[in-house]
Every structure is written in C-alpha cells, then in structure tokens.
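Visitor: Please give me a close look at a single part of this model, and then at the parts that can be connected with it.

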Amino acid sequence: MSESQLLEIFYDYVCPWCYFITGCIEKLHREFQIDIRWTAFQLHPETSEEGHSLDVLFADQNVDFGKIMIVQKRVAKRLGVPFGDCRMVYNSRLAQELGKLAESKGKGYKFHKALFRAYFVEGKNIGKTPVLVEVAESINIDGNEAKKIIRNRTYKDATDLDCKRSRALNITVAPTFLMNNQILVGAQKYETLENFLVSNNVKRRKQKRISLQEEAGRNTAFQPVENGPSSNDEVAQHFG
C-alpha cells in the first residue's frame with residue numbers, strides 16, 4: 001500500500017506566484033512521499049479571449065504595476081527562472097481544460113511548466129487555441145487531439161468541478177495548498193512548504209531521488225480548512 005499523502009495546489013496559469021513555486025513543488029516531490037493534485041482556480045474568469053492589460057483590469061485599485069514588476073523580476077532572478085515583461089492577462093480556462101488532458105497522459109507537470117513559460121516568458125495569449133496546441137505539441141501531445149479536446153470542451157465538466165471545489169473551500173488566493181484539511185495560503189519558501197508536510201507527518205523518500213512523476217498531478221500557523229483562507233494579494237512577502 002502506498003504511503004504517499006496528497007498535496008493539493010489551487011492554481012491559475014496567470015498567477016506569477018504559481019509559476020514561481022513550481023521549482024519548490026518539484027523538490028518536495030523528490031524529497032517526500034507525496035502525490036500532487038493541481039486544482040484549477042481562475043483568478044479572472046471574466047477575462048475575454050483577447051485579454052486585457054493589467055492597467056485596465058485593475059484600473060480602480062490604484063495599483064503601481066511598475067513596482068509590482070520590479071518585485072516579480074527580483075524574485076524570478078533569485079529563483080533562477082526566466083521571466084518576461086507580460087502586462088496582459090488572458091483567460092486561462094481553456095488552458096486549464098487542456099491541462100486535464102495532459103494529466104491523463106502522465107504529462108501534467110510538463111504541461112504546467114510549458115504553459116507558465118508560454119505566458120510569463122514568451123508573453124503569448126494562452127486563451128487562444130493555436131497557442132495551446134503549440135504548448136501541447138511541445139511536450140509531445142498530438143496537436144490534432146489537443147484541438148479536438150478544446151473544440152469539444154471534453155474536460156469542461158472536470159474543470160467545473162475544480163472551480164466548484166475552490167468555491168466550496170472559499171479559496172481566494174493562488175496558489176493555495178491543501179493537505180489533510182489544513183490550508184496554507186499564498187506563495188511560500190521551500191522551508192515553509194517542507195514544514196507544512198512535516199507537520200502533517202509526511203514521510204521522506206528513502207530510495208534514490210527520482211524525477212517528478214506526472215500527476216493523473218519553523219513555526220508557520222496553518223489554517224484549518226473549515227475556516228477557509230482570507231484574501232491576501234501581497235503574497236510577495238513570502239519571498240522576502
């Protein structure tokens with residue numbers, strides 16, 4: 001019987017902090033006996049296919065995107081991940097549906113990384129079918145199959161269930177981590193995530209380190225799930 005425990009991550013492809021924590025997640029999976037489940041959560045479901053500039057999207061919130069971009073680029077540099085100058089937000093719903101196909105083929109993590117790169121590094125419109133097909137093909141998923149999945153909305157119901165679960169748990173921040181009815185909100189350093197697993201009695205792997213398998217997916221106070229996370233837009237503080 002497997003001794004692995006489930007770590008669930010509520011994510012959105014247009015969230016830079018979800019992109020930034022992918023390296024931590026890969027390391028956690030190498031070090032601990034965990035299975036990863038990526039649960040789709042849309043930060044901006046109202047976004048059109050053509051997308052909106054961040055200035056327009058947050059026009060009424062008095063946000064200084066220049067300062068935000070400086071912080072994000074500083075974090076990206078420290079983590080050693082490429083990061084462009086994307087100032088557009090696109091609708092991520094079809095991307096999340098296609099991610100379900102990738103997960104069914106054991107290529108979920110590869111797809112997530114490739115999709116984050118397409119958006120945050122290359123600045124591509126991930127709401128467009130040709131872009132999504134290109135990303136799928138980059139990880140050796142047949143382009144025609146990807147087109148069919150998108151056209152028929154094959155994974156619409158599965159993604160709807162993810163969104164419904166997010167609402168039921170009062171998820172308002174991406175990323176949010178869930179394990180054993182405990183919730184950890186926002187982007188976190190590796191040490192914090194490690195402590196989260198240790199506090200949940202997750203065992204370390206004894207065998208030789210393995211690569212991250214694709215999914216079919218300190219003194220930090222962790223929130224019980226029944227309370228749900230509170231809104232927190234300043235997740236940058238977790239990276240110092």
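**From a loop asparagine to helix H8 and a pocket**

Guide: Asn180 is partly exposed, with a relative accessible area of 46%. The model is a predicted one. Asn180 sits in the loop that runs between strand E5 and strand E6 (182–185). Its phi is positive, about 50 degrees, although Asn180 is not a glycine. Most residues other than glycine have a negative phi.

Asn180 also appears in the surroundings of a second asparagine, Asn200. With neighbours within four places in sequence left aside, Asn200 is in contact with Gln5, Met179, Asn180 and Gln182. Asn200 is placed in the loop between helix H10 (190–199) and strand E7 (223–224). The relative accessible area of Asn200 is 9%, so Asn200 counts as buried, the cut-off being under 20%. Asn180, at 46%, is partly exposed because its value falls between that cut-off and the one for exposed residues, over 50%.

On the other side of strand E5 (176–179) is the loop that comes from helix H9 (156–168), and Pro175 is in that loop. The peptide bond leading from Ala174 to Pro175 is cis, and its omega is near -5 degrees. Asn170 is found in the loop between H9 and E5 as well. Its phi is near 60 degrees, which is again a positive value in a residue other than glycine. Asn170 counts as partly exposed, at 40% relative accessibility. As a general background, most peptide bonds are trans.

Next comes helix H8, which covers residues 143–152. At the start of H8, the backbone nitrogen of Asn144 has a side-chain oxygen of Asp142 within 3.1 Å. After the helix comes Arg153, with a positive phi near 55 degrees. Between these ends, the buried residues of H8 are Gly143, Ala146, Ile149 and Ile150. Viewed down the helix axis, these buried residues fall within an arc of 120 degrees, so they line one face of H8. Asn144 and Arg151 are exposed, and they are carried on the face turned away from the buried side. The buried residues pack against two other helices, H5 (93–104) and H7 (129–138).

Ile150 shows this packing at the level of one residue. Ile150 belongs to H8, and its relative accessible area is 8%. That value is under 20%, so Ile150 is buried. Apart from neighbours within four places in sequence, its contacts are with Leu94, Leu98, Thr129, Leu132 and Val133. For Leu94 there is also a backbone distance: the C-alpha atoms of Ile150 and Leu94 are separated by 6.7 Å, and the two residues are 56 residues apart along the chain.

The last part is the second largest pocket. Rolling a probe the size of a water molecule over the atoms shows where empty space is left. The second largest pocket holds about 260 Å³ of space. Its lining is made of 17 residues, and those nearest its centre are Tyr19, Phe20, Thr22, Gly23 and Val81. Sorted by class, the lining has ten nonpolar, five charged and two polar residues. Four helices supply at least two lining residues each: H1 (16–20), H2 (22–31), H4 (65–79) and H6 (108–120). H2 gives the largest share, four residues.

Two lysines belong to helices just named. Lys27 lies in H2 and is partly exposed, with a relative accessible area of 33%. Its C-alpha atom is separated by 8.4 Å from that of Tyr190, and 163 residues lie along the chain from one position to the other. Lys110 is part of H6 and is partly exposed too, at 47% relative accessible area. Lys110 and Gly99 are eleven residues apart along the chain, and their C-alpha atoms are separated by 9.7 Å.

To return to the starting point: Asn180 is in the loop between E5 and E6, and Asn200, which is buried, is in contact with Asn180.

Note on methods: Residues numbered from 1 in each chain as written. Predicted model: local features only at pLDDT ≥ 70, side-chain atom pairs only at ≥ 80, totals over all residues. Heavy atoms only, no water. 1 Å grid on protein atoms, 1.4 Å probe; cavity = no way out; pocket = protein on both sides within 12 Å on 5 of 7 lines; lining within 4 Å. Points joined across faces, edges and corners; volume = space filled by probe spheres on them. Nonpolar A, V, L, I, M, F, W, Y, C, P; charged D, E, K, R; others polar. Buried < 20%, exposed > 50% of the residue type's maximum accessible area, 1.4 Å probe, protein only. Arc of directions from axis to C-beta. Contact = heavy atoms within 4.5 Å. Polar contact = N/O pair within 3.5 Å; in protein donor to acceptor, adjacent residues only side chain to side chain.
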